[in-house]
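Visitor: I have a model open and some questions about how the chains are built. Can we go through them?
Guide: Yes, go ahead.

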Amino acid sequence: MPEKVAIVGWGQSRFEGDKKDIHLGELIYETVRQALADTGLEIGDIDTVIGASCDVVDGRSISNVFTAEAMGAFLKEESKVEEDGAYAALYAYMRLLTGPFQTAMVVSHGKISESSPQTYSGLICDPFLLRPLGIEAITSSALQACSYMTKYGITEEQAAKVAVKNRKNGLKNLNAQIKKEITVADVMSSPVLASPIKKYDASPITDGCAVAILATKKRAKKITDTPVWIKGVGYDQGLYYPGYSPLHKLESCEIAAKKAYKAAKIKNPTEEIDCAEVYEPFSFYELMLYEALGLCGEGEGGKLIDEGTTEFGGSLPVNTSGGAMCANPIMSTGLVRVIETAMQLSGKAGEHQLKNKPKTALAHSTSGLCMQSSIVYVLGV
Amino acid sequence: MGNDVISQVKAKVTVPYRWSYGSSLSRFFYETKVNKRLMGARCTKCGKVLVPAHRLCGRCFAPTDDNWIELSDHGVLECFTVVYLPFPGQPKQPPYAYGMIRLDGADTQYPHLIGEIEFDKITTDMRVQAVWNEERKGDLYDIKYFKPEEPI
Amino acid sequence: MEQEIELRVLEGDITVPYQWTPGKIYGRFLGGLKNKKILGCKCKKCKKVFVPPTDLCPVCLYDFDDADFKEVSDEGTVNSFTVVEIPLIRFVEYAINRPDPPYAIISIKLDGADTDLLHLVKGDENLKRLKVGARAKAAWRDDTHGLLLDIDGFNIV
Amino acid sequence: MAKKVAVVGIGMTENKSHWDCSMPALYRLAAKRALADAGITMKKVDAVVFGHSPEYFEGINHPEKWVGEACGAYHKPLFRIHTGGTVGGSTAIGAYYAVASGMFKTVLAISGNKLNETASAQIGLSTVYDPIMGRQFATGAPSAVAVQASRYYSKYGYTDEHGLKVAVKNRNNALNNPYAQLRIPNYTLEMAKRTPVLCAPLRLADMCPTSDAACAMIFSEEKRAQDITETPAWVKSVAAVCGGVNYVDRDWAVPIDLRKAAEIAYERAGITNPRKEIDVVELYDAFSVQELIWSEGLKLCDWGEGGKLIDEGVTYMTGELPVNPSGGVLSANSIGAAAMFRKAEAALQVMGKAGDRQVKDVKISLGHGWGGAIQFHTIIIFSKEK
């Protein structure tokens, strides 16, 4: 499905660990206005609004009740996807493909500091089999890390290299929350959260909001000279109970990537994808994602990071923005990956712009424990 | 034995939160606490006055004027209910009455309790006025409730 | 603005008492634990034994029924584990609850099962001997409630 | 451009306390019945759109993760929509767009809730109120709608008897619906008037029951729809519009958000005179008075004329434009499924498969839902003709 819908503008709030001083509505309002300013559009030019937020994060059931107006959705055709914003962008994309809408705005937000990533992820657990154990994001991911590393002989140092690489990339990203260079030794000596995951393997706690404006081909060209086209998208949901899944691989991501590649007519991702932004809540996940996305062979994630292929100056840079390692605004992290990819493709990434402007790039997001669900976009110019 | 089926698993879930007031609500409740004033904000586009004062007008998506307007603490009860329905963990024990009050000078409604009147005497469109709490913490209960307006 | 105004927060919580319905499959698995037995369900299509069982074989979409239940061993092989070092927020309160860290969460394939059960390993001695491939056996509580933690944890054999 | 889309299969669970059924099993039941109705298996279903209302109803965050595979979503594309009470409608609309976009040929929409996993649905519903601005005296949905009712009755000079008459009409309709929860034989206005006032002016009789239920609908593109069934319910148009709660002035008796949704839906469906052109309406009457208010929003009558519809018998099964032949939300409310039930009931009416609650010769039907703080509205218009 080439060149039917484009990403034409965006806004990102500053990503911070604790936006205690800002009301959620204010945060959204300012970010939406930023996105509108980016495109030169007025709120009246937006045909449909899709939100992405979560009751449990907000501590307000039906989270869009009090935020829809701050998104500019009053008397508009609005809906809310209760997943990461990358899934809301998918729904906006579907709507734009049908005809009545020419522009769509995707707004994702979360102030996780008002609650906690532990309660957010812990409540994903069913009440009978998982919740009694204290399973949440860190512990479920740690089980997965153990399984993956054991199966393929991946070392903790190799995982640490992801944290080092992404934090280095984050130094150049104005929006990044974490701006601190670290070494593999720093990661290895940071306190263990749940083995083998250590403090610096983990993404930070981040509040934030992200907005993307999408438009049909006809409208996109009037809005911007640098539209970024959605060339293909694939998404998939895998098994829920971690004991049922082959934890050493990310099946849903493999399938999502295959679907996205097929839609975008990508035959050889390592050759055809110029750069990627992936959602890596913990360092080792980026290695697993290399494999699932077909950027290297099975079990070769560690080798890919060792060879420096995915470094900023490598042949296939991954997370030039610093990724989730530098800011993990829950509900928005995936949409930020889409936006960052669009920034690279349109040449608007500023200080962290790749020297050789990419033509085709990949954005990934995920939802659920152990990356149960995945969505993959292929974007291009 | 052997074929027991558990029919219910009981547990209590408690999720802690820390909700931010943000600049507008902080300032609004600062005014109720310190100055016993209800403040509204005027939309820079349509001119309507929002209470509590907010950063934006939902209708126009325009920001409100930073110069807030002091509103009367009298107004009209536009609609109301008397709650008798009980449920576990209810924040306020029934029976009680609350409604939406259009304060004089405001274009939106302010929610609050209705007091000092027998429930069956409450009517829509009646004039009401705020009864302020002596001790105020900077929240909705800086006003105890609204009561029928006293004749001037 | 005229004066500096303190930016406020409201501290509170959302508290809800639940009475979750396990239904016939989860319910019978939990009933098995009450009797110190670990039950699984065998899919009539793929023949895999799911321990613990869920309402259906998610792959074949075969709905499990009473006749598909099968008891498996309370001993098995650890496939994956993590030692939890940080205190996790206790947002749920059952009749019996997990221990404070350090403890391990394990993924264990019980003998006779085709899937892994997630459970706990506690105690310094057990944690020292815990590794992938280790054999472990359920340690049952004296008082059982029909809850997952009727198994107190797994001891490394 | 949009592909033509039809509903080809519908699955409902009974609305009741499903004490013997886990939440995944409840969804499973609806999914299986929808597949059976369409005569297909999950192999033919390309994607799932999952609906579920507030997480705090069951205390499960991202319930689509746990429950998804019970809907047959193993390695299928799935995403979740959540818009409160109207989520069932929003989910159906999501599935419509998933097919209309050309991305998928056949999509399962499924939505539900198990409200009996807590002692009262009002515990969860009270957390819809803003913690700083109103949760202090929230009593779930009843108190909010009671406020709306007081405004409506006083604005137009109606009395609570108008609402109670709706309740009696719909409860009697429910006798024809095997999936309804409240099926009270010989229910009369006198009985309704004797029920206690719970949130004035609303009595127990004005309020919906608390149900566990799931509902599933299968949407297909044109060709496949015709292969699957001889009686597809063609989607003429969909609309979902958001109103304002705290940053706008609001007249609770005048649902401008619903009116906007209706105008969009009618325009896209080519309907100019809804009262005449629509043969049956299923709307979200969680509380009796809302049937009157929503009738106005839906342009079935002028502003302020809602009470006359029930006085004049227009909306009875025997009337000119039957509303809620199923018994409506007043007879069954699981919240998560309730708005999809409205859409599904409307689809059944054009398919001619509504059983004892079938209205004669239905060519065009409308299904509505509301959610949030009474500000999200969804509409689907179905047609017998392509």
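Visitor: In what order do the elements of chain B run from the N terminus on?
Guide: The order is β-α-β-β-β-β-β-β-β-β, that is, one helix and nine strands. Helices (H or I, at least four residues) and strands (E, at least two) are DSSP runs, numbered from the N terminus.

Visitor: Compact globule or more spread out, chain B?
Guide: More spread out: the radius of gyration is 20 Å, well over the 15 Å that the globule rule gives for 152 residues. The radius is taken over C-alpha atoms, and the rule is 2.2 Å times the number of residues to the power 0.38. The C-alpha atoms of chain B fill a box of roughly 75 × 40 × 30 Å along the principal axes.

Visitor: Before I go on, what sort of model is this?
Guide: This is a predicted model, where local features need pLDDT of at least 70, side-chain atom pairs count only at pLDDT 80 or more, and totals for chains, interfaces and linings use all residues. Residues are numbered from 1 along each chain as its sequence is written, chains are lettered from A and ligands numbered from 1 in the order in which they are written, and side-chain values use heavy atoms, with hydrogens and water left out.

Visitor: And chain A, what does its radius of gyration come to?
Guide: Chain A has 19 Å, which agrees with the value near 21 Å for a compact globule of 381 residues. Chain A holds 14 helices and eleven strands, and its C-alpha trace spans about 55 × 45 × 35 Å along the principal axes.

Visitor: How much of chain A is buried?
Guide: 74% of its 381 residues. In chain B, buried residues make up 55% of the 152. Buried means under 20% relative accessible area, exposed over 50%, partly exposed in between (1.4 Å probe, protein chains only).

Visitor: Different topic: how many aromatic pairs are there over all chains?
Guide: The count is 31. Rings of Phe, Tyr and Trp (its six-membered ring) pair if their centres lie within 6.5 Å; planes under 30 degrees apart count as stacked, over 60 as edge-to-face and the rest as tilted. One of the pairs is Tyr91(A) with Phe79(D), tilted, at 5.6 Å centre to centre and 45° between the planes.

Visitor: Which elements do those two sit in?
Guide: The pair crosses between chains: Tyr91(A) is in helix H3 (residues 85-96) of chain A, and Phe79(D) is in strand S3 (residues 78-81) of chain D.

Visitor: Is Tyr91(A) buried or exposed?
Guide: Tyr91(A) is buried, with a relative accessible area of 0%. Phe79(D) is buried too, at 0%.

Visitor: Which rings are linked into a cluster with them?
Guide: Ring pairs link Tyr91(A) and Phe79(D) with Phe101(A), Tyr235(A), Tyr96(D), Tyr97(D) and Phe104(D).
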